[in-house]
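Me: Please take a close look at one part of this model, the salt bridges. Tell me which residues pair, and where each partner sits.

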Amino acid sequence: MSVLDDDQLALQQGARGLLSSRHPIAVVRAGAGTELGCSPELWREIGAAGWPGIIHGEATGGAGGGLLDLVAVTFELGRHLVTSPLVPSAVVGATVLAHVAGDDHRLGALVTGASVMAPALRRATGQLDTERSDVIATATATGWRLDGETTLVAHVAASDALLVLARLGAAGGPGLFVVTPTTAGVTTTRLANLGDQPLSHVAFEAVEVGAPDGFVDVERNRAALAAALALQTVLVGAAVVGIGERLLELTVDYALDRSQFGRPIGSFQAVQYLCSDIAISTHLLKSLVLKAGRDADGVGDGWPVSAALVGAHGATVARTIAHSAHEVFAGLGFMEEHDLHLYSRRLKHLEIEFGERRRHDDAIVRHLVTSGAGATAGPTA
């Protein structure tokens with residue numbers, strides 16, 4: 001399995017130290033109660049640590065690091081159940097803006113964490129389909145008008161801007177628009193959800209967007225969305241790995257401590273199998289995440305398909321490790337007083353964040369068909 005280098009391991013240990021002291025499980029249980037998910041103080045410390053800018057170039061205020069550097073941090077964000085705008089804003093939002101707008105004046109603030117952007121990319125059903133948004137963009141004399149709705153938008157109330165995916169006309173390709181959440185015609189509704197995440201439904205009714213804030217190069221938008229969503233997929237996978245490793249520790253400790261029929265339940269083969277399921281599933285996903293990170297950083301090859309493999313397997317791993325842990329803890333794991341439900345509820349949220357498996361499977365098949373066709377065509381003259 002691909003491994004982190006010494007600098008990346010040091011980065012991970014630094015993240016563990018910070019989060020262990022600032023975001024213990026008691027904070028998760030109490031609930032931060034803010035639209036940032038985490039406390040404003042922790043978000044400022046995350047910005048000061050440079051995590052939002054890890055993968056972005058120094059010209060925009062970033063560190064110029066690689067995806068594996070951010071993966072190392074995200075393992076710990078998962079382990080400590082930290083909710084923050086790091087991935088949606090500093091990764092998805094900033095990556096898309098960098099692709100479609102280049103030196104946009106807002107980019108530097110996203111990269112440092114001083115500003116927050118909420119990507120509004122899903123359909124009203126919650127499906128992630130970059131070609132069929134339920135928001136329609138109609139050209140006007142001064143720019144564009146947005147009408148429609150989207151949902152599962154994270155951190156809206158804490159955001160300075162929304163990054164809205166819309167169809168250009170009723171049957172056009174994907175357009176991208178930067179909209180201030182307080183703009184006339186924008187209506188946001190907070191959504192209750194199993195994972196206790198700051199998610200909202202957002203509706204647009206005759207929302208006016210100036211020409212400079214509309215990006216309508218369809219092919220560039222497609223490339224920007226593909227790049228940003230691939231990064232998001234790998235980092236969601238890294239968060240699941242962090243939770244899986246922590247769940248394995250908790251489950252093994254409980255299996256060794258809890259006795260039944262005069263012996264620890266960990267001595268029973270059925271319980272050992274369940275613990276093994278958590279270990280093996282987490283190890284598999286970690287291997288895929290690290291491979292994708294290495295490919296993205298130019299060490300390996302096949303970056304798009306390696307990211308898709310994380311997405312194709314990630315949701316299954318999230319379900320498996322939650323189910324296996326609950327099997328070991330039995331009724332105790334369903335009690336409000338126990339911490340297990342905090343992890344399993346977060347895993348359910350992350351399972352949805354991977355998006356539909358078919359999207360990832362299609363990307364894998366396209367890669368195999370393309371590479372296969374290239375292999376059979378033979379060398380050109």
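Reply: What follows goes through three salt bridges one at a time, then turns briefly to strand pairing.

The model is predicted. Side chains of opposite charge can pair when their charged atoms come close. A search of the whole structure finds 21 salt bridges, and three of them are described here, beginning with R79 and E249.

In the pair R79 and E249, the closest N and O atoms are 2.8 Å apart. This salt bridge links distant parts of the chain, since R79 belongs to helix 4 (residues 67-79) and E249 to helix 7 (residues 218-257), 170 residues apart. R79 has a relative accessibility of 10%, so R79 counts as buried, the cut-off for buried being under 20%. E249 has a relative accessibility of 31% and therefore counts as partly exposed.

The next pair lies within a single helix. E351 forms a salt bridge with K348, and their closest N and O atoms are 3.1 Å apart. Both residues are in helix 10 (residues 340-353); because they are 3 residues apart there, about one helical turn separates E351 from K348. E351, at 14% relative accessibility, counts as buried, whereas K348 is partly exposed with a relative accessible area of 33%.

The third pair is D362 and R358, with the closest N and O atoms 3.9 Å apart. The cut-off for a salt bridge is within 4 Å, so this pair counts as one. Both residues sit in helix 11 (residues 357-377), and because they are 4 residues apart, about one helical turn lies between D362 and R358. D362 is partly exposed, with a relative accessible area of 34%. R358 has a relative accessible area of 65%, so R358 is exposed, the cut-off for exposed being over 50%.

One of the pairs is also part of a network: salt bridges that share partners join R79, R246 and E249.

The strands are held in another kind of pairing. Strand 2 (residues 135-139) and strand 3 (residues 143-154) run antiparallel and are joined by 5 bridges. Between strand 2 and strand 3 there is a hairpin of 3 residues, and I136 stands opposite D147 of strand 3. Strand 3 also pairs with strand 7 (residues 199-210), again in the antiparallel sense, over 9 bridges. In that pairing, R145 stands opposite E208 in strand 7.

Notes. Residues are numbered from 1 along each chain as its sequence is written. This is a predicted model: local features need pLDDT of at least 70, side-chain atom pairs count only at pLDDT 80 or more; totals for chains, interfaces and linings use all residues. Side-chain values use heavy atoms; hydrogens and water are left out. Two strands pair if DSSP finds at least two bridges between them. Helices (H or I, at least four residues) and strands (E, at least two) are DSSP runs, numbered from the N terminus. A salt bridge is a side-chain nitrogen of Lys or Arg within 4 Å of a carboxyl oxygen of Asp or Glu. Buried means under 20% relative accessible area, exposed over 50%, partly exposed in between (1.4 Å probe, protein chains only).
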